[in-house]
Amino acid sequence: MTGTLPTGVERRRFDSNERLATRGQPVYGEPTDGDWRAWDIRRSKLGAMLDRGMETGLSGDETVLYLGAAAGTTVSHVADFAGPTYAVEFAARPVRDLLTVADSRPNLFVLLKDARKPEAYAHVVEPVDVIVQDVATRGQARVANENRRFLKQNGRLLAVVKARSEDVTADPTDVFETFRSQLEGYEILDTERLDPLHDDHLAVVARPTW
Ligand SMILES: C[S@@+](CC[C@H](N)C(=O)[O-])C[C@H]1O[C@@H](n2cnc3c(N)ncnc32)[C@H](O)[C@@H]1O
C-alpha cells in the first residue's frame, strides 16, 4: 500500500540521500536545508510509518493529540505540518526539552500529564482528528481506549505498540495479538511491524467506532 504524505512532509535530498523532511526549527541535530529539516525515521516510529507508505489518513493541518511525546523528536515534526498539537508526556525531565521545542512552535501545547488519566487534560484538549500514541509502557491498549473520547468521528488512532514494554519474556506476536483483542471501540484498518528500524514494534492504524 502506498500512502500519501501529508501536506508539509516531503521527500528531499540531504547530502545526496533522499529523506522525509518538514519545515521548522531543528531539534535533535538533524541535517537541514534552508527551512527544511530531515526527519530521522530511525528515531521516529511515525516517520517510519510514513516512509513505508502506510495509509495513516494524515493530510496535514489536523488537530493532533500526541501521547508519549518525550523530548519532542517526533512531535516536533508533527507540529511542523499539523494544526493544534497537544503533546502529553508524564516524565518531567523530557518535558523541559519539549518546552524548548514548543518555543518556536505556537501550535504545540505541552501537557505534563499521565496518558492513563485523560480526565486530567480533558478540559484543555479539544476534539482531535488524530491520536498518535507511542507510550512504550504497560497497558498500551488501555491508553488507546481511555483516550478514544477525544477522537472525532472520522478520526484516526496511529499507535505504536512496543512488545517489550508489555512483557519482556513474551513472543512479540502474542503481545500484538493481545493488544488487538484489548482494543475497544476501534476498527483496525492496518497494521505493520516496524522491524528492522524499530525492533518488536507494531504500528496500528485504527478508527473509532461509535
Ligand atoms: C518511546 S518514548 C516516546 C518517543 C517519542 N514518541 C518520539 O518519537 O519522539 C515513550 C515516552 O512515553 C512516555 N510515557 C510512558 N507512559 C506514559 C504515560 N502513562 N503518560 C504519558 N507519557 C508516558 C515515556 O516517559 C517516554 O517519554
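User: In this predicted model, which residues does Ala-87 touch, not counting residues up to four places away in sequence?

Analyst: Working from the predicted model, Ala-87 touches Tyr-66, Ala-69, Val-75, Leu-98, Leu-108, Phe-109, Val-110 and Leu-111 once residues up to four places away in sequence are left out. Two residues count as in contact if their C-beta atoms, placed from the backbone, lie within 7 Å. Ala-87 is also one of the residues with the most contacts inside the largest nonpolar core, which has 62 residues, and S9 gives the most to this core, with six residues.

User: Why is Ala-21 called buried or exposed?

Analyst: A residue is buried if 20 or more other C-beta atoms lie within 10 Å of its own; Ala-21 has 24 C-beta neighbours inside 10 Å, and therefore counts as buried. Ala-21 is found in strand S2, residues 17-23, and, leaving aside neighbours within four places in sequence, Ala-21 is in contact with Glu-10, Arg-12, Trp-36, Arg-37, Ala-38 and Trp-39.

User: How do you know whether Asp-15 is buried or exposed?

Analyst: The term exposed applies if 12 or fewer other C-beta atoms lie within 10 Å, and Asp-15 has 8 other C-beta atoms within 10 Å, so Asp-15 is exposed. Asp-15 is found in the loop between S1 and S2, and has a positive phi of about 50 degrees although it is not a glycine. Most residues other than glycine have a negative phi.

User: What makes Asp-61 partly exposed?

Analyst: Partly exposed is the class in between, where a residue is buried at 20 or more such neighbours and exposed at 12 or fewer; Asp-61 has 15 C-beta neighbours inside 10 Å, and so counts as partly exposed. Asp-61 lies in the loop between helix H1 (45-51) and S5, and the phi of Asp-61, near 75 degrees, is a positive value in a residue other than glycine.

User: Why are strand S7 and strand S10 said to stand at the edges?

Analyst: The open sheet of seven strands has the order S7-S6-S5-S8-S9-S11-S10, with mixed pairing. Strand S7 (108-112) and strand S10 (186-193) each have a single partner strand, so one side of each is left without a neighbour in the sheet. Neighbouring strands of this sheet are turned by 15 degrees against each other on average, direction ignored.

User: What makes strand S8 and strand S9 a pair?

Analyst: Two strands pair if DSSP finds at least two bridges between them, and five bridges join S8 (residues 128-133) to S9 (residues 151-162), which run parallel; the definition is therefore met. Ile-131 stands opposite Leu-157 in S9.

User: How do you know that H2 is mostly covered?

Analyst: Nine of the nine residues of H2 are buried, among them Thr-73, Thr-74, His-77 and Phe-81. Helix H2 (73-81) and strand S6 (85-89) each supply at least two residues of the shell around the ligand, and Thr-73 and Thr-74 are among those that come nearest, of the 18 residues around the ligand. The residues of that shell divide into nine nonpolar, five polar and four charged.

User: What is the omega of the cis peptide bond that joins Asp-195 and Pro-196?

Analyst: For the cis peptide bond between Asp-195 and Pro-196, omega is about 0 degrees, and Pro-196 is found in the loop between S10 and strand S11 (201-208). Most peptide bonds are trans.

Definitions and conventions
Residues are numbered from 1 along each chain as its sequence is written. This is a predicted model: local features need pLDDT of at least 70, side-chain atom pairs count only at pLDDT 80 or more; totals for chains, interfaces and linings use all residues. A residue is near a molecule or strand if its C-beta atom, placed from the backbone, lies within 6 Å of it. Helices (H or I, at least four residues) and strands (E, at least two) are DSSP runs, numbered from the N terminus. Ala, Val, Leu, Ile, Met, Phe, Trp, Tyr, Cys and Pro count as nonpolar, Asp, Glu, Lys and Arg as charged, and the others, Gly among them, as polar. Axes are lines fitted to C-alpha atoms, for helices over the stretch in contact, and angles run from 0 to 180 degrees between N-to-C directions. A nonpolar core is a set of buried Ala, Val, Leu, Ile, Met, Phe, Trp, Tyr and Cys residues joined through C-beta atoms within 7 Å.
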